[in-house]
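Got the viewer open? Here is a short tour, stop by stop, with what to select at each one.

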Amino acid sequence: MALSNQHLLSLATFSLYISVSLAFFPGYTTHFMGSGFPNEAHPLTGLCPEYYQFTCPQADEIVISVLKEAISKDPRMAAPLLRLHFHDCFVQGCDASVLLDDSKYIVSEKNAVPNMNSLRGFEVIDQIKAQLEEACPNTISCADIIALAARGSTVLSGGPAWELPLGRKDSKTASLKGANANIPPPNSTIQNLITLFARQGLDQGDLAALSGSHTIGVARCVSFKQRLYNQNGDNKADQTLERSFYYSLARVCPRSGGDNNISPLDFTSPVKFDNYYYKSILVGRGLLNSDEVLLTGNEPFVVSLIKTYAEDEALFFDHFAKSMVKMGKINPLTGYNGEVRKNCRRVNGAF
Ligand code: HEM
């Protein structure tokens, strides 16, 4: 078939666009275009939004009702539930390995450095599981419960919703080592962050968008103490910390002790999912080193997104939703792999 001049021109323009985008912002073109398989089982992961359509159509309603009650009792409960999905997916994939307790055969991820005395929300997951087991026994996996709870918590905090691919199965193993190796620490440099996200198939766009989860929730003093007192091994504060912000943090987080004192990740609106997290970074008020380096790390694409999200909340919401779907597809167990645990804390048949 012969191509008209017009066709050739648009083809040339398109390939020029792709090459320029790839040259300046690797990952940009592929990043926010979506999978192209919105309503079908994804050909690679086998997940699809209608997975429980016939077996448990009321699943999401049940999740939301438990979340509403939990968040009304404790408005800070949305944040840890969103975080659980991240800490699950970055370790052997989104397989609920993070929920397994220590047992004869399991070394729990709950004792890994990023999780111990830090991850919360396990009781809420237990409540959701109990209600789902009553309504639809042996049907909804714990890995899907985490994904549904992450979306529900985002929406109930005022953030975006997304169509959520489902059908993950639960692991029969956990990896404490994997949790220590793969979950980025709060003092990460921009290069560490990019490397650890890339290991999971996530790009710089995902890093910029998903870090926006820190629009809700808190961190313990131990997670940002280094910035206040010894950022570069010279007994000095991180110079990128805005002055008055530094003083208010120092009141909560003394040089010695107080490790478990908490501070909001987004000072302006700690329980509302919005774009103030990005606005704060722009004025030197990002709480964790890993937050502030998104700007100060001088990675042009990441910096441009941080600035854009600070201006355009709708775009942040759109990208956040897409990146959450992408994160939720990390290495799931599907089909006959894995199992649907009866109790999220234990492998079936374990005693
Ligand atoms: C980019 C790399 C990231 C780093 C280095 C990081 C690190 C941390 C740290 C250190 C805390 C505070 C923990 C504590 O002090 O006990 C925290 C809290 C939190 N993180 Fe991240 N995080 C990252 C990305 C993410 C992602 C991708 C999500 C979700 C998709 C997320 C969601 C949260 C939430 C919601 C909280 C608040 C938890 C609470 O209030 O209990 N984080 N993060």
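One term before the first stop: a crossing is left-handed if the near helix is turned anticlockwise from the far one by less than a right angle, and right-handed if clockwise. You're looking at a predicted model, where local features need pLDDT of at least 70, side-chain atom pairs count only at pLDDT 80 or more, and totals for chains, interfaces and linings use all residues. Residue numbers start from 1 along each chain as its sequence is written.

**Stop 1: α5 and α6**

Select residues 122-135 for helix α5 and 142-156 for helix α6. (Helices are DSSP runs of H or I with at least four residues, strands are E runs of at least two, and both are numbered from the N terminus.) α5 passes α6 in a right-handed crossing. On the α5 side, show I125, I128, K129 and L132; their partners on α6 are C142, I145, I146 and A149. Contact here is when C-beta atoms, placed from the backbone, lie within 7 Å. This patch has 7 nonpolar residues, no polar ones and 1 charged. (Ala, Val, Leu, Ile, Met, Phe, Trp, Tyr, Cys and Pro count as nonpolar, Asp, Glu, Lys and Arg as charged, and the others, Gly among them, as polar.)

**Stop 2: bring in α3**

Now add residues 59-73, helix α3. α3 makes a right-handed crossing with α6. Light up A59, D60, V63, I64, L67, K68 and I71 on α3, then I145, L148, A149, G152, S153 and L156 on α6, to see this contact. By class, it holds 9 nonpolar, 2 polar and 2 charged residues.

Keep α3 and switch to α5: this crossing is right-handed too. From α3, pick A59, I62, V63, V66 and A70; they meet V124, Q127, I128, Q131, L132 and A135 of α5. That contact divides into 9 nonpolar residues, 2 polar and no charged.

**Stop 3: the ligand**

Finally, select the ligand and the 26 residues around it. (A residue is near if its C-beta atom, placed from the backbone, lies within 6 Å.) Which of them come nearest? Those are A79, S118, S213, G217 and A219. Now color by element: α4 (78-89), α9 (204-210) and β1 (218-220) each supply at least two residues of the shell. The largest share, 5 residues, is from α4. Color by class instead, and the shell splits into 14 nonpolar, 8 polar and 4 charged residues.

Note on methods. Near = placed C-beta within 6 Å. Axes fitted to C-alpha atoms, helices over the stretch in contact; angles between N-to-C directions. Contact = placed C-beta atoms within 7 Å.
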